[in-house]
Amino acid sequence: MQPRNMSMSGVVDLAAVKAAGEAKAKAEQARAEAARQGGAAAVAPSALVIDVDEAGFERDVLQRSAEVPVVIDFWAEWCEPCKQLGPLLERLAVEYNGRFLLAKVDVDANQMLMQQFGIQGIPAVFAVVAGQALPLFQGAAPEAQIRQTLDQLIQVGEERFGLTGIAVDPNAESDGAAESAPVPAGPYDALLEAAMSALDAGDLAGAVQAYKNVLADDPGHPEAKLGLAQAELLARVQDMDPQQVRKTAAENPGDATAQIAAADLDLVGGHVEDAFGRLVDAVRRTTGEERDAARLRLLELFEVIGPEDPRVTAARQALARVLF
């Protein structure tokens with residue numbers, strides 16, 4: 001995807017922003033309420049970059065935009081330009097020292113937000129100022145251009161809405177590091193061994209629960225994530241009639257549910273490319289909830305194979321072409 005300027009100058013033309021007066025009033029009201037409660041506490045530099053999902057968008061973006069401009073980075077793991085732009089935006093968020101907040105949105109997990117913002121390709125960067133959304137740019141733009149856009153955005157926030165940013169305590173992380181550093185979880189040898197024993201005994205529900213017990217304490221545990229994905233896949237196919245599932249899928253190429261079931265069988269049978277291709281095609285053929293279901297199952301099957309597998313990389317690229 002070639003970088004494409006969406007509206008680099010739009011942030012300074014607030015005549016195009018609807019209800020700017022109302023937004024300013026809301027921002028002033030929010031600041032007055034914060035002042036009444038003693039003012040907002042200073043945050044650590046790491047708090048200037050946050051991950052945001054659909055459930056927390058109103059709280060983490062819309063409400064926060066009454067005190068500081070919020071820059072939204074729409075990205076995905078498979079997007080190569082995102083891997084260049086993301087770290088740059090994170091570095092600038094810390095460098096600008098609270099004059100804007102960076103919110104990162106994974107489009108794979110937050111399709112509704114992507115649709116609401118009308119995003120056609122990623123990376124895409126927007127801003128929300130006092131509740132008002134503004135497009136900034138699309139693609140991995142040069143750093144100098146990004147800085148210019150951020151400067152314009154901050155100027156708009158200050159001059160038109162009185163947003164002066166949030167206070168940052170540079171010592172917060174070093175002072176609290178000993179207390180706030182996460183305690184390494186585990187070891188989980190007993191739970192992982194229990195999961196394997198359950199799998200050997202055909203107790204798929206027990207294996208699933210054992211892996212979930214590990215992930216409840218350590219959500220990123222790689223062995224538990226892989227084991228859970230595999231156990232859930234086996235649980236889904238154990239009561240299937242393979243012949244009937246494949247017959248139904250062949251007769252209903254546009255039925256996402258039928259293709260999802262057949263893809264599970266493909267993967268269990270070792271036909272990885274067939275499973276991935278089937279679901280990519282289902283995403284292409286369907287819309288709405290069916291499309292989301294096929295896309296999410298494909299992402300689950302990626303977990304079964306592992307993100308470093310070249311077949312997963314190829315399927316991610318194929319999915320990107322279908323989605324964007």
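Ala, Val, Leu, Ile, Met, Phe, Trp, Tyr, Cys and Pro count as nonpolar here, Asp, Glu, Lys and Arg as charged, and the others, Gly among them, as polar. With that sorted, the lining of the largest pocket in this predicted model splits into 11 nonpolar, 3 polar and 12 charged residues. The pocket itself holds about 730 Å³ of space. Of the 26 residues that line it, Glu77, Phe302, Glu303, Pro307 and Arg316 sit closest to its centre. Four helices give two or more residues each to this lining: α3 (80–95), α9 (222–237), α13 (288–305) and α14 (310–323). Helix α9 hands over the largest share, with 7 residues.

Next comes the sheet. Strands of a sheet pair through backbone hydrogen bonds, either parallel or antiparallel. In this model, 5 strands line up as an open sheet in the order β1-β3-β2-β4-β5, and the pairing is mixed. At the edges are β1 (49–51) and β5 (132–138), each of which has a pairing on one side only. On average, neighbouring strands of the sheet are turned by 25° against each other, if direction is ignored. Take β2 (residues 70–75) and β3 (residues 101–106) as one pair: they run in the parallel sense and share 6 bridges. Within that pair, Ile72 stands opposite Ala103 in β3. The sheet also has a helix lying across some of its strands, namely α5 (residues 143–161), which crosses β2, β4 (124–129) and β5. Helix α5 runs at about 15° to β4.

A couple of backbone oddities turn up in the loops. Most residues other than glycine have a negative phi, and most peptide bonds are trans. Asn97, though, has a positive phi of about 55° without being a glycine. Its place is in the loop between α3 and β3. The other oddity is a cis peptide bond joining Ile122 and Pro123, with omega at about 0°. Pro123 belongs to the loop between α4 (111–116) and β4.

How far can the model be trusted? The protein chain averages a pLDDT of 81, and 82% of the residues score at least 70. Two stretches call for some care. Over residues 1–24, pLDDT stays under 50, and the model has 47 contacts beyond four places in sequence for them. Residues 174–185 also stay under 50, and for this stretch the model has 3 such contacts, again counted beyond four places in sequence. Where pLDDT is low, the predicted coordinates should not be read in detail.

Notes
Residues are numbered from 1 along each chain as its sequence is written. This is a predicted model: local features need pLDDT of at least 70, side-chain atom pairs count only at pLDDT 80 or more; totals for chains, interfaces and linings use all residues. Side-chain values use heavy atoms; hydrogens and water are left out. Two strands pair if DSSP finds at least two bridges between them. Axes are lines fitted to C-alpha atoms, for helices over the stretch in contact, and angles run from 0 to 180 degrees between N-to-C directions. Contact means heavy atoms within 4.5 Å. On a 1 Å grid over the protein atoms alone, a cavity is a set of points where a 1.4 Å probe fits but cannot get out, and a pocket is an open set with protein on both sides within 12 Å along at least five of seven lines; lining residues have an atom within 4 Å of a point. Grid points are joined across faces, edges and corners, and a volume is the space filled by probe spheres set on the points. pLDDT is the predictor's confidence in each residue, from 0 to 100.
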